[in-house]
Amino acid sequence: MKQAFKYAYLAFIYLFLYIPILVLVIYSFNDSRFSTNWQGFTFSWYAQLFEDGPLMEAFANSLIIAFSSSTIATILGTLSAFAFYRYRFIGRKVTYSFIYVVMMSPDIVMGISLLMFFITVGLSTGAATLLLAHITFCLPFVVVTVYARISGFDRNILDAAKDLGATERRMFRHVVLPMLMPAVIAGWLLSFTLSLDDVVVSFFTTGPSFEVLPLKIYSMVRLGIKPEINALSTVMFLMSLVTVTVSHLLIAKENR
Amino acid sequence: MEKKSGFRNVAVGSTLCWITLFVVIPYLIVVAYSFLTPDPSGTVSWIFTLDSYREIFSPVFLIVCKNSFALALSTTVLTLLAAYPFAFFLTRISESIRRTLILIMIIPFWTSSLIRTYALIILLKANGIVNTFLLSLGWIDEPLNLLYTQLAVFTGLVYTLLPFMILPLYASLQKLDTRLIEAARDLGATSPRIFFHIILPLTLPGIIAGSTMVFLPALGLFYIPDLLGGARSMLIGNFIKDQFLVAGNWPLGSSASVILTLLMFLLIAWYFLSSRKINQGDMREVI
């Protein structure tokens, strides 16, 4: 009885989380523009996506921003995690707590603070400001992911490398980085997902000259439901599914 | 300690620079603007004033605040009540299945909440799944007005934020030392007693972390009422957004952001206090 309730409750929550997504995916193949009923299987909504020029441009923009922001955030975040682990410097604790502040702070506050910063320094919003903003909100996730792995290190390994005459840079490159690799890749994948999906921060930090996919979807959804959006959302869901699964497996493997 | 190599300077320097430039300074700018005077031309004039804060505590804004807080609070309570047993049961599942179940749990956590909100629209619209289903069962005679209601916004917030409650709760329940529960049971404690005196206090940091991760976005996620609620319902997030994009009153939007940030600091501080208490106080005495 108790066991049955346990499984029933777990199933209930999973269904609650997944039914809307599953419906979305199923409808993206429904051969009807307006009907709720199933009218047969079709790929035509996906085909139409590829013919929609502005939409594809926004998608390409999103991919470019996601790829470059996650790459820069990963390089910076890995260095940061190593610095937090190995070095003692002024402001270390404050800076580290800021990493958590960035992670917890409401997107809207971050978006607005960056917008006002860009205006103050005289940068007009567009691809460059969007990139800086995305690096900033991805950075903490890389730092935390990498730091979790680095703090499990045996410090003796680093001392051994130093004893054998390695410089800090060499030690990082040839000892630390190879051991960190799964966490680094996981951090990159999570950043990629975050960047690709972000609405709120992008809303404030990009300009009309540079449109990204989530904002495009946002403005399309405000005008109503279209089967093309179902297809597009399915594509985005699948991308998150793949990146999150891979990164999860990478992190889970190291904990085993 | 280690020698101050060039590499060290690059690693430390880039970290400090980035956080200062793109986190600290932008926040300080928001704080500064919250004390300035709005200008009719849409910008600000450099006159120090507390007017924005006075306006924030005026009745008009307090109504927005009250609604938004009530909505965020009820979202937090409902997600907590739904997530706690879920996370608890998840820790009681055999290791092999649990791995897969956790992965299935994490995927919605990382899936765009815009897309998940959109999926809800498909379900809730007049000729959507829910209405079609209820009509076919004969439970209702005409489609219910589910979308563009306060209830839709509430459903949307609960739906998109539930994973953010589950994960911290699970992390903290997983760390729970089950020997404590066994010991209590051996000493004759009843189940409610075990729950309220052992499990709940020890998982309090998880509860606070989860509540923070639900409560703050529930105040700020402006696109959920935009898409599910029509124009009537308004979150603090919508208010802030409108100050910047529609009303052009930056100081007012800034002061609302400052208040939101202060709230975040309070919640984070509460989290650290509660987790410190467990790590260094109670826990040691118990063991």
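Here is a walk through this structure, from its two chains down to one helix and its surroundings. Keep in mind that what you see is a predicted model.

Let's start with chain A. Its secondary structure comes to 11 helices and 0 strands, so to speak a run of α after α from the N terminus on. Its C-alpha atoms fill a box of roughly 70 × 65 × 30 Å, taken along the principal axes. Of its 256 residues, 46% count as buried. Now look at who touches whom inside this chain: among contacts with a separation of 6 or more, residues 24 or more positions apart account for 81%.

Chain A can also be cut into parts. The domain assignment gives domain 1, covering 1-42, and domain 2, covering 53-255. Taken over C-alpha atoms, the centres of these two domains of chain A are 31 Å apart. They do touch each other: 7 residues of domain 1 are in contact with 6 residues of domain 2. On the domain 1 side of that meeting place, you'll find 4 nonpolar residues, 2 polar ones and 1 charged one.

On to chain B, which has 13 helices and 2 strands. Its box measures roughly 75 × 70 × 40 Å along the principal axes, again going by C-alpha atoms. Buried residues make up 41% of the 287 residues here. As for contacts in chain B between residues at least 6 apart in sequence, 70% of them join residues at least 24 apart.

So how do the chains meet? In numbers, 63 residues of chain A are in contact with 69 residues of chain B. Many helices of chain A help out, and H1, H3, H4, H5, H6, H8, H10 and H11 each supply at least two residues of the side that touches chain B. The largest share of that side, 11 residues, comes from H1(A). Sort the residues on this side of chain A by type and you get 42 nonpolar, 14 polar and 7 charged.

Next, look inside. In soluble globular proteins, nonpolar side chains tend to be buried together. Here, the largest nonpolar core has 146 residues, and the ones that touch the most other members are Ile112(A), Ala87(B), Met165(B), Ile166(B), Leu169(B) and Ala218(B). Helix H7 of chain B, residues 150-175, gives the most to this core, with 14 residues. Both domain 1 and domain 2 of chain A give residues to the core too, so it lies between them.

Pick out Ala218(B) for a moment. Leaving aside residues up to four places away in sequence, Ala218(B) touches Leu71(B), Ala72(B), Thr75(B), Thr76(B), Leu157(B) and Leu161(B). Several of these names come back in helix H3 of chain B, whose buried residues include Leu71(B), Ala72(B), Thr75(B) and Thr76(B).

That helix deserves a look of its own. H3(B) runs over residues 59-91, has 33 residues and reaches 46 Å from its first C-alpha to its last, close to the 48 Å expected at 1.5 Å a residue. Where does H3(B) have its kink? The kink, of about 25 degrees, lies at Ala83(B), shortly before the proline Pro85(B). Ala83(B) is itself among the buried residues of H3(B), as are Tyr84(B), Phe86(B) and Ala87(B). And what covers the buried residues of this helix? The cover includes H1 of chain A, together with H4, H7, H10 and H12 of chain B.

Definitions and conventions:
Residues numbered from 1 in each chain as written. Chains lettered and ligands numbered in written order. Predicted model: local features only at pLDDT ≥ 70, side-chain atom pairs only at ≥ 80, totals over all residues. Contact = placed C-beta atoms within 7 Å. Helix = DSSP H or I, 4+ residues; strand = E, 2+ residues; numbered from the N terminus. Nonpolar A, V, L, I, M, F, W, Y, C, P; charged D, E, K, R; others polar. Domains from an automatic or database assignment. Core = buried A, V, L, I, M, F, W, Y, C linked by C-beta atoms within 7 Å. Buried ≥ 20, exposed ≤ 12 C-beta atoms within 10 Å, placed from the backbone. Expected span 1.5 Å × (residues − 1). Bend = angle between axes of the 7 residues up to and from the residue.
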